[in-house]
Every structure is written in C-alpha cells, then in structure tokens.
Amino acid sequence: MITDELIATFRTAQAAFTERVLAVAGDQWELGTPDAQWTVADLVWHLVDEHRWAGPLLAGLDLDEAAVVATGLGPDSRDGATLVREWDRAAASSAAAFGANGALTGSVAVSRGRVPASEYLEEMVLDLIVHAWDLGTAIGYQRPLPASAVAAIYPLAQAIVDRTPRGMFDPPAEAGADAPLIERLVALTGRSAR
C-alpha cells in the first residue's frame, strides 16, 4: 500500500476507535469484550499504551528507551474520564508521529526486532480496526466500521498475523467466504462475529 494511503487509513481507523471510546457509557467500562482477557477499560488502556509508544519508537529509540518515555506520559488509571482524556492525548501523539515528514522511511524497534516503519504502521492499523470492532461489540455500538479502512487493511491482514509473535492472536475463527469483510478480518485474529 502506498504510504500516503496507509497514513490516511490509519487516521480513519483511529477516528473509528475514538468514536467508540466516546460512546462508552459510564456503566460500560467494566463490561467484557470479545478479547476475553480484557474489560472495556482494559481494552481502551491497551490502545492508550500502544499509541504512546509510537512517537518514541519512530524517533529511533530502542524498546527500553521508548518504555521510559511511553510509561511516563500519563496516569495509569482505568476510570472512564481519564481513559477518554489519555486516549485523546495518545491518539494525537501517534498521529503526529506517523504523519511527520520521513517518519515511515526508517525502521523501528518492536518485540521481534527492527522492522520497517511502514510495517509497524500496518500493524497499528490492523490493531485499531480489530479493537474498534471489539469495543463496538462490547458496548453495542451499531455504526459500522469505515468500509474503506477495512477494505484497505484486509489484504495485508494475513501477513500481519503471520509475522506477529505466537500467542498475540488466538487461532483463526471460522468465517464463511460470503461473510461481511469485517467478519472475515476479525476471524483472522481469532474472533467470531457469530
């Protein structure tokens, strides 16, 4: 995928996740999600944490150096108001980092070693789409995910799942060839829409 298109897809996916974060009602933060290990609050915190890492990693820091920066950026709180505020900050920071001139020309340190920055962005897009689906499912949010973002990341999804360290995703779930594209996408990560 062309870099400008990938950045546009990232922004669209990020906006879709933000839309769902803002839709979480006060009594929904402790609901379960399709990712059985996480509540809604845990899921949003996971994305806050991931997006805090983007700036330091894209600036060339290694994992240890980036951890110091990322963990020092805000409170480790699971209350709704704090999660919304910290998501907004983390999302703005990661969008600025990925959108910076030349940000995708180098490589970044991730848990499996150094990878092209564009590969890291692909993984972040898939993560946003899948977790936006998780969050929407958990809170009963009815608006569909942006079809353009789902269609853009779907052809890359299998390769992303294949290069991800073992245990990060559950084994693929069943989804028929005629299932909606989003259902086939989340099935690659072990989620079933049925």
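In which helix is Glu 122 found? The place to look is helix α5. Keep that helix in mind as we walk through this predicted model.

**The whole chain**

Let's start with the overall layout. The chain contains seven helices and two strands. If you follow the sequence from start to end, you meet them in the pattern α-α-α-α-β-β-α-α-α. The radius of gyration is 16 Å, close to the 16 Å that the globule rule gives for 194 residues, so the chain is as compact as a globular protein of that length. Along the principal axes, the C-alpha atoms fill a box of roughly 40 × 35 × 30 Å.

How much of the chain is buried? Buried residues account for 47% of the 194 residues. On the outside, the chain exposes about 9,200 Å², and carbon and sulfur atoms supply 53% of that area. Contacts also link parts of the sequence that lie well separated: of those between residues at least 6 apart in sequence, 67% join residues at least 24 apart. As for charge, the chain has 14 positive and 26 negative charges, and the mean positions of the two groups are 2 Å apart.

**How confident is the prediction?**

The chain averages a pLDDT of 92, and 98% of the residues score at least 70. Confidence is highest in helix α5 (residues 117-139), at a mean of 97, and lowest in helix α3 (residues 63-71), at 87. As a reading habit, where pLDDT is low, the predicted coordinates should not be read in detail.

**Two residues up close**

Now let's zoom in on Glu 122 and a second residue, Ser 107, which sits in strand β1 (residues 107-110).

| Residue | Relative accessibility | Class |
|---|---|---|
| Glu 122 | 14% | buried |
| Ser 107 | 33% | partly exposed |

Why does Glu 122 count as buried? Its relative accessibility is 14%, and buried means under 20%. Ser 107, at 33%, counts as partly exposed, because that class lies between 20% and 50%.

Which residues does Glu 122 touch, leaving aside those up to four places away in sequence? They are Leu 6, Ile 153, Leu 156, Ile 160 and Arg 163. With that same exclusion, Ser 107 touches Arg 114, Val 115, Pro 116 and Ala 117. Ser 107 also gives us a distance to look at: Ser 107 and Tyr 120 are 13 residues apart in sequence, and their C-alpha atoms are 8.5 Å apart in space.

Methods
Residues are numbered from 1 along each chain as its sequence is written. This is a predicted model: local features need pLDDT of at least 70, side-chain atom pairs count only at pLDDT 80 or more; totals for chains, interfaces and linings use all residues. Side-chain values use heavy atoms; hydrogens and water are left out. Helices (H or I, at least four residues) and strands (E, at least two) are DSSP runs, numbered from the N terminus. The radius of gyration is taken over C-alpha atoms; the globule rule is 2.2 Å times the number of residues to the power 0.38. Buried means under 20% relative accessible area, exposed over 50%, partly exposed in between (1.4 Å probe, protein chains only). Contact means heavy atoms within 4.5 Å. Accessible areas come from the Shrake-Rupley method with a 1.4 Å probe; for residues, only the protein chains shown count as cover. Lys and Arg count as positive and Asp and Glu as negative; His and the chain ends are not counted. The place of a charge is taken as NZ of Lys, CZ of Arg, CG of Asp or CD of Glu. pLDDT is the predictor's confidence in each residue, from 0 to 100.
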